[in-house]
Every structure is written in structure tokens, then in C-alpha cells.
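Subject: Model handover

Hi,

Here is the structure I promised to pass on. Please open it alongside this email; my notes follow below.

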Amino acid sequence: MRISKIAALALALAAAATAQAADPVLVIHGGAGVIRRDNNKADEADIRKALETALRNGHAELKAGKSSTDAVVAALRVLEDDPHFNAGKGAVFTHDGKNEMDASIMEGEGQRAGAVAAVHRVRNPITLARAVMEHSEHVMLVGDGAEMFAKEQGITLVDPSYFRTEKRWQQLQKILKEEAAKQASTDPEYVKHIGTTGAVALDSKGHLAAGTSTGGMTNKRWGRVGDSPIIGAGTWADGGCAFSGTGWGEYYIRTHAASNVCARVKFLKETAAQAGAAVINGEVVKMGGDGGAIVLTSDGKFAFPFNTEGMYRGWIGTDGVPHVALYADDGMTGDVVLKKEEAVATPAH
């Protein structure tokens, strides 16, 4: 009798462990609002390669049994180091000719979170956001204080010149010349607000995590901070849903887009696609904003809601094969694209 009870208990524990196990998934974005004409074939090839590398690096963490947080950070560090994306090395310039970067990360299990804003010398802001989450009593650190903390944590700091790229510099010069001449911009206003990187992951234990990293908006002033480092606006993770956004940050803040989507999953029992479409292609657009997002739920289902000509995006599952897409008409699993009769293209970088 005693042996049979022990055996039954062992079977019950095994069943519980199996129920909690999950097939790992990693989903990423590299910015909504892609304009096809702005990319030549070489750019497209480089962007696809970077997205695939980010997916493989994150997947390697998951395959090794590491956490969804490890996967998110590994993927985002690749995008932060690549000048094709508006984060880290590819960060856009402020009105004063500086690079100011923001990032955040959140874990679904326990809902720990960390964020940084307006940093100038941190090579990989997502790494610093994680350090804030894991090694401080705070959620968000900004500016010089954040960089002081980075130094204490042994996180790589670089000279601000590291972030300068000619493409980003010329984007700023174009806007400054238009302002000086009091000339209407040849691009829509929201062009300055588009472009971010993000990742969401589900690990083998069924735990979710989300992270977002950005260079902000071109020509921003007065220490402007968008949605990316704001928990609940640009980044969110709970037990059932993870979200990372890319778009006109002011509207993501006003609609608390990230937590809004995941609340719909939790309370309205909507799918990733339904919840993402309702907020990103619904509430945000109705208010006048644009952009996209990645949404991943605890059942491994994911969605790419966006309402622009394209969004750099990709996913990878247990087979380790990366899937990437750049434009709306690429048609990839999980796409939820808002069809506009006369869609206005909005560049990601």
C-alpha cells in the first residue's frame, strides 16, 4: 500500500511537471513602418540576416534550458549592435545631436521589471534594464544615474561617438533644415516617432518575458521619453501574455497599449491576434497613432499586429528554423495587418 501511494504521488508530480512544460517560442520585431523604397537589396539582405541571427541567439538560450528573459536579452543585444535598427548602435539623433536610448524588460513570473531612459553611453541598454530589475530595488533609472549604476554593475559603457552613423545624422540634418526654412516636412509627422526593437519569449517552463529597446524619435527635445521604457505602455509580461510595441509612443502611453492587450487576453479571453488587433490596429489608430507590436501568449500562440507598410519581424520555434519578414505583403504566420485604402508609408529608420 505504501509503495503504491508513493508511485501514485510520483505519477501525479510527473503529470504536473508535464502540464507546466511548454514548447519554447521566441518572437521579435525591429521596428514598424518600413518603407520598401528606402531599402536596397543589400539592406534587405543585411536586415534579414540580423533578424535571423537574433532569433538563433535567443533560441540557443531556450534550447539550453535557460529562461525566457535570457532569450529576450540575447536577441535584443544583436539588434542593438546592428546599425539597421533604431536601438543601440543605430539609435537616431535628438535635436541637440545626441543619442538618447531607452529600454525595458519584464518577466511574467512574479512580474519583475526593469527600465532605463535617456542613456548616452550604454552599449546595450537592454542589459542595463535587466540589471535594474535584478540588482536594484527600483524599476526605472534615467540619465546619469542610470549610467552610474551601469558602471557599478560592470556593464559596458562606450564613448558617445560609438552610436553615430551617417544615415541617422543625415536624417536629423534634413529635419533641421526644414525647420530652419520653416518648410513643411516631406514626410508625415509620425515618421519621427517610428522605430524600435523588441522581443517576447516563452521558455520550457512556461514562463513569459518581454523586452523593448529604442533610440527614441529623431529630433526629440526636452528629454522626451516614449513608451518603450514604460512598463504597461511599450512592454508588458504576465502569466498569460507578453507584449513589445513599436510605434508612435505617445499613443501607446495614452492607451497603455502593452498591458491593455494582455488584459484583453486575461479578462476577455481573446487570442493574441484578437487582442493585438483591437488595441494596435484599433484604439491606437482611432486616436491618430501608428505602429505595430508582437504579442505572445502562454499557449505559444503569437501575433504581429501592425498598420504600416511593413514591420521588421520574425519568430522561431522548437525546430530552430528562423522565420523573418519585412513588408506587409510578405505574409507571415501571425500577421494581423490593418488594410488602409490609401496607406501612408511610415519609415522605421
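Which residue of strand 6 does Ile105 stand opposite? The partner is Gly211. That pair belongs to the contact between strand 2 (residues 101-107) and strand 6 (residues 208-214), where six bridges join the two. These strands run antiparallel. One caution before you read on: this is a predicted model.

The sheet

Strands 2 and 6 are part of an open sheet of eight strands. The order is 4-3-2-6-5-1-11-12, and the pairing is mixed. Strand 4 (140-142) and strand 12 (322-327) are the edges, each pairing on one side only. From one strand to the next, the twist averages 10 degrees.

A helix lies across part of this sheet. Helix 3 (residues 68-80) covers strand 1 (25-32), strand 2, strand 5 (197-202) and strand 6 in its path. Its direction is about 155 degrees to strand 5.

Strand 11 and its neighbours

Take a look at strand 11 (residues 310-316) next. It is mostly covered, with seven of its seven residues buried. In a regular strand, side chains alternate between the two faces of the sheet. Here, Gly310, Tyr312, Gly314 and Ile316 point one way. Met311, Arg313 and Trp315 point the other way. Both sets are buried, Arg313 included.

Strand 11 has a partner on either side in the sheet order, strand 1 and strand 12. With strand 1, six bridges are formed, and the two run antiparallel. Gly31 has Tyr312 as its bridge partner there. With strand 12, there are five bridges, again antiparallel. Ile316 stands opposite Pro322 in that pair. The hairpin of strands 11 and 12 has five residues between the strands. Within this hairpin, Gly320 takes a positive phi near 75 degrees.

A helix pair

Finally, check helix 8 (residues 257-267) against helix 9 (residues 272-287). Their axes come within 8 Å and cross at roughly 145 degrees. The crossing is right-handed. Helix 8 contributes Ala257, Asn260, Val261, Arg264 and Val265 to the contact. Helix 9 contributes Ala275, Gly276, Ala278, Val279, Ile280 and Glu283. By class, that makes seven nonpolar, two polar and two charged residues.

Best wishes

Methods. Residues numbered from 1 in each chain as written. Predicted model: local features only at pLDDT ≥ 70, side-chain atom pairs only at ≥ 80, totals over all residues. Heavy atoms only, no water. Pairing = 2+ DSSP bridges. Helix = DSSP H or I, 4+ residues; strand = E, 2+ residues; numbered from the N terminus. Axes fitted to C-alpha atoms, helices over the stretch in contact; angles between N-to-C directions. Contact = heavy atoms within 4.5 Å. Buried < 20%, exposed > 50% of the residue type's maximum accessible area, 1.4 Å probe, protein only. Left-handed = near helix turned anticlockwise from the far one by under 90°. Nonpolar A, V, L, I, M, F, W, Y, C, P; charged D, E, K, R; others polar.
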